[in-house]
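Some labels given to a protein model rest on numerical cut-offs, and a careful reader may want to see each label set beside its criterion. The exchange below does this for a single chain.

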Amino acid sequence: MRIALASDHAGFELKEYLKLYLEEKGYELLDYGTNSEASCDYPDYAHPAAQAVETGKCDLGVAMCGSGNGINMTLNKHQGIRAALCWLPEIAELARKHNNANVLVLPARFISKEEAKKILDSFLNASFEGGRHQIRIDKIPLDIPVEGEIL
């Protein structure tokens, strides 16, 4: 499995920690940055990681920033992305099972490294249940209205 990684400066330390953890578990990783704790803008790293997941270059993504909110909002601007901000293993598991989340987002300043590993494992070990959940997933993407049409 190939995983896209992305973070801003606030998530850099956690990204590097999880990168080693994932490599030890045998995952193939594409790191879209950032590459230091120098102040930077999360969209610069979120968009390339999202594109990698959307196009199938990567199977899943893992992203983080300080609260997780900014990078999560950016990732979810992509029609093919279902990024889930998770701070508990149970939330990550449900994000995969019920929402078919394809990017895990972590709030780097609010969870420990050990908690992050548990959340990540829950996300990676769960799979989409389909069924009634697929009906809901199909309603997420926006259809672009024809000029003059009201949604």
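The questions and answers that follow concern a predicted model, and they go from strands to cores to salt bridges.

Q: What makes strand β1 a mostly covered strand?
A: Five of the six residues in β1, which spans residues 2-7, are buried, and buried stands for a relative accessible area under 20%.

Q: Why is β1 said to pair with strand β2, and how do the two run?
A: Pairing requires at least two bridges between the strands. Four bridges join β1 to β2 (residues 28-31), so the criterion is met, and the two strands run parallel. Within this pair, Leu5 stands opposite Asp31 in β2.

Q: How do you know that β1 also pairs with strand β3?
A: The reasoning is the one just used, since at least two bridges are needed and five join β1 to β3 (residues 60-65), again in a parallel arrangement. Ser7 has Met64 of β3 as its bridge partner.

Q: What handedness is given to the β-α-β unit that contains helix α1?
A: The unit made by β1, α1 (residues 12-24) and β2 is right-handed, a term that applies because the path from the first strand over the helix to the second runs clockwise when the strands point away from the viewer.

Q: Which residues have the most contacts inside the largest nonpolar core, and how many residues does that core have?
A: The core has 25 residues, and Leu104 and Leu106 are those with the most contacts inside it. The elements that give two or more residues to it are β1, α1, β3, α4 (89-99), β5 (103-107) and α5 (113-125), with α5 supplying the largest share, five residues. Once neighbours within four places in sequence are set aside, the contacts of Leu106 include Leu14, Leu18, Val62, Met64, Leu85, Ile111 and Ile119. A second, separate core of 19 residues has Tyr45, Ala52, Ala83 and Val103 among its members.

Q: Why is the pair Glu13 and Lys113 called a salt bridge?
A: The closest N and O atoms of Glu13 and Lys113 are 2.9 Å apart, and the cut-off is 4 Å, so the pair qualifies. Glu13 lies in helix α1 and Lys113 in helix α5, so the salt bridge ties together parts that are 100 residues apart in sequence.

Q: What makes Glu13 and Lys113 partly exposed?
A: Partly exposed residues fall between the 20% and 50% limits; Glu13 has a relative accessible area of 45%, and Lys113 has one of 33%.

Q: How do you know that Lys25 and Asp121 meet in a salt bridge?
A: Their N to O distance is 3.8 Å, which is within the 4 Å cut-off. Lys25 lies in the loop between α1 and β2 and Asp121 in helix α5, so this pair ties together parts that are 96 residues apart in sequence. Lys25 is partly exposed, at 45%.

Q: Why is Lys117 called buried, and what is its salt-bridge partner Glu114 called?
A: Lys117 has a relative accessible area of 18%, and the limit for buried is under 20%, so the label follows. Glu114, at 43%, counts as partly exposed. The closest N and O atoms of the pair are 3.4 Å apart, and both residues lie in helix α5, three residues apart, about one turn of the helix.

Methods:
Residues numbered from 1 in each chain as written. Predicted model: local features only at pLDDT ≥ 70, side-chain atom pairs only at ≥ 80, totals over all residues. Heavy atoms only, no water. Buried < 20%, exposed > 50% of the residue type's maximum accessible area, 1.4 Å probe, protein only. Core = buried A, V, L, I, M, F, W, Y, C linked by side-chain atoms within 4.5 Å. Contact = heavy atoms within 4.5 Å. Salt bridge = Lys/Arg side-chain N within 4 Å of Asp/Glu carboxyl O.
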